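Work through the exercises below with the sequence and the model at hand. Try each task before reading its solution.

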Amino acid sequence: MRQNIVAGNWKMNNNLSETKKLIKEIKKNLKSVNLKNTRVFISPTFVNLRTAVKKTKKCEIEVVAQNMHYEEKGAFTGEISADMLLNLGVNTVILGHSERREYFGETDEILTKKVNTALKNNLEIVFCFGEKLEDRENKNHFKVVESQLKNVLFHLSKKEIKNIILAYEPVWAIGTGKTATANEAQEIHAFVRKLLAEQYDKETANSISILYGGSVKPNNAQEIFSKEDVDGGLIGGASLKADDFTAIIKSI
Ligand code: PEP
């Protein structure tokens, strides 16, 4: 059975005290929630990962990183390695977020190296992909999504791909308040699952969680999560408010 996952992408938000406060609030809220088959991720910025790991030791919340470098170590000023994350107790990393692609020039080639390094180090990956507005307007969204997945992931073995959580994030829906409709999300998720089945097999395709991300809020989460191939969400803005994040987790 594939897992449901609600992942908070905190981006460059929350200093140390804000991080502690938000974790405390989420923990308190989750005490009354039966998480069953649902994993909950939060992703504080690098400098607060250590504190976040400590503060979540005795609860189900998992701390994930927002990025990492593809080299193992060396002269890469300002970068963070897979080993540094693992050593802190972080076992999952988000790769390929559209903000990394757009503002930091992360290409499919760079992301392939990152994916390979993460897997070599036994890190689980939340891999983000999704089309831009012009792709959707030109009806190229299926092609774009297919090439992002093929270029970066489809060289992986069946065993390796099972360490990847996919996150479909149409760029036009991120931080804009515009959400894909539940049907639009389902359409792409089903398409991705079909690609996985073709490349690997049905069992593999059915074991991989596919999250939707893009302006998920308490008022639309339930409808989106109700779709057959939507296994949860990657949540930006709404993950910064404990009550909204909890409401979204409860919607699954
Ligand atoms: C994101 O950044 O991954 C995201 C989905 O952001 P938001 O929920 O704010 O659109």
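**Exercise 1. Classify R193 as buried or exposed, and list its contacts beyond four places in sequence.**

Solution. The model is a predicted one. Start with the location: R193 lies in helix α9, which spans residues 182-199. Next, take the relative accessibility of R193, which is 5%. Buried means under 20%. R193 therefore counts as buried. Now collect the contacts, leaving aside neighbours within four places in sequence. R193 touches R2, A205, N206, I208, I210, D229 and D231. Finally, check a distance within the chain. R193 and A182 are 11 residues apart along the chain, and their C-alpha atoms are separated by 16 Å.

**Exercise 2. Decide how helices α7 and α9 are oriented to each other, and describe their contact.**

Solution. Begin with the axes. Those of α7 (residues 141-152) and α9 (residues 182-199) come within 11 Å. They cross at roughly 45°. Angles under 35 degrees count as roughly parallel, and 65 to 115 as roughly perpendicular. The crossing angle falls in neither range, so α7 and α9 are oblique to each other. The handedness of this crossing is right-handed. Then list the residues that meet. α7 contributes H141, F142, V145, E146 and L149. α9 contributes E187, I188, F191, V192 and L195. Sort them by class: seven are nonpolar, one is polar and two are charged.

**Exercise 3. State where Q148 lies, whether it is buried or exposed, and what it touches.**

Solution. Q148 lies in helix α7. Its relative accessible area is 10%. The cut-off for buried is under 20%. Q148 is therefore buried. Set aside residues up to four places away in sequence. The contacts of Q148 are then R101, D108, F127, F129 and G130.

**Exercise 4. Give the strand order of the sheet and name its edges.**

Solution. Count the strands first: eight form an open sheet. Read across it as β3-β2-β1-β8-β7-β6-β5-β4. The pairing is parallel. Now find the strands that pair on one side only. These are the edge strands β3 (62-63) and β4 (92-95).

**Exercise 5. Describe how β8 pairs with β1 and β7, and where its side chains point.**

Solution. Take β1 first. β1 and β8 pair in the parallel sense over four bridges. Across this pairing, A7 stands opposite L234 in β8. Turn to β7 (residues 210-213). Two bridges join β7 to β8 (residues 232-235), and these strands run parallel. Here Y212 stands opposite G233 in β8. Last, follow the directions along β8. G232 and L234 point one way, while G233 and I235 point the other way. All four are buried.

**Exercise 6. Place helix α12 against the sheet and against α1.**

Solution. First, the sheet. α12 (residues 242-250) lies across β1 (4-9), β2 (38-43) and β8. α12 runs at about 160° to β1. Second, the helix partner. The axes of α1 (residues 16-30) and α12 come within 9 Å and cross at roughly 40°. Test this angle against the cut-offs: under 35 degrees would count as roughly parallel. α1 and α12 are therefore oblique to each other. α1 passes α12 in a right-handed crossing. Third, the contact. From α1 come L22, E25, I26, N29 and L30. From α12 come A242, D243, F245, T246 and I249. By class, the residues divide into six nonpolar, two polar and two charged.

**Exercise 7. Classify S215 and T204 as buried or exposed, and list their contacts beyond four places in sequence.**

Solution. Begin with S215, in the loop between β7 and α11 (221-225). At 8% relative accessibility, S215 counts as buried. Beyond four places in sequence, S215 is in contact with A173, G175, T176, G177, K178, T179 and N220. Check one of these partners by distance. S215 and T179 are 36 residues apart along the chain, with C-alpha atoms separated by 5.4 Å. Move on to T204, found in helix α10 (residues 202-207). Its relative accessibility is 0%, so T204 counts as buried. Outside its neighbours within four places, T204 is in contact with K158, I161 and K162.

How values were computed: Residues numbered from 1 in each chain as written. Predicted model: local features only at pLDDT ≥ 70, side-chain atom pairs only at ≥ 80, totals over all residues. Heavy atoms only, no water. Pairing = 2+ DSSP bridges. Contact = heavy atoms within 4.5 Å. Axes fitted to C-alpha atoms, helices over the stretch in contact; angles between N-to-C directions. Parallel < 35°, antiparallel > 145°, perpendicular 65-115°, else oblique. Left-handed = near helix turned anticlockwise from the far one by under 90°. Nonpolar A, V, L, I, M, F, W, Y, C, P; charged D, E, K, R; others polar. Buried < 20%, exposed > 50% of the residue type's maximum accessible area, 1.4 Å probe, protein only.
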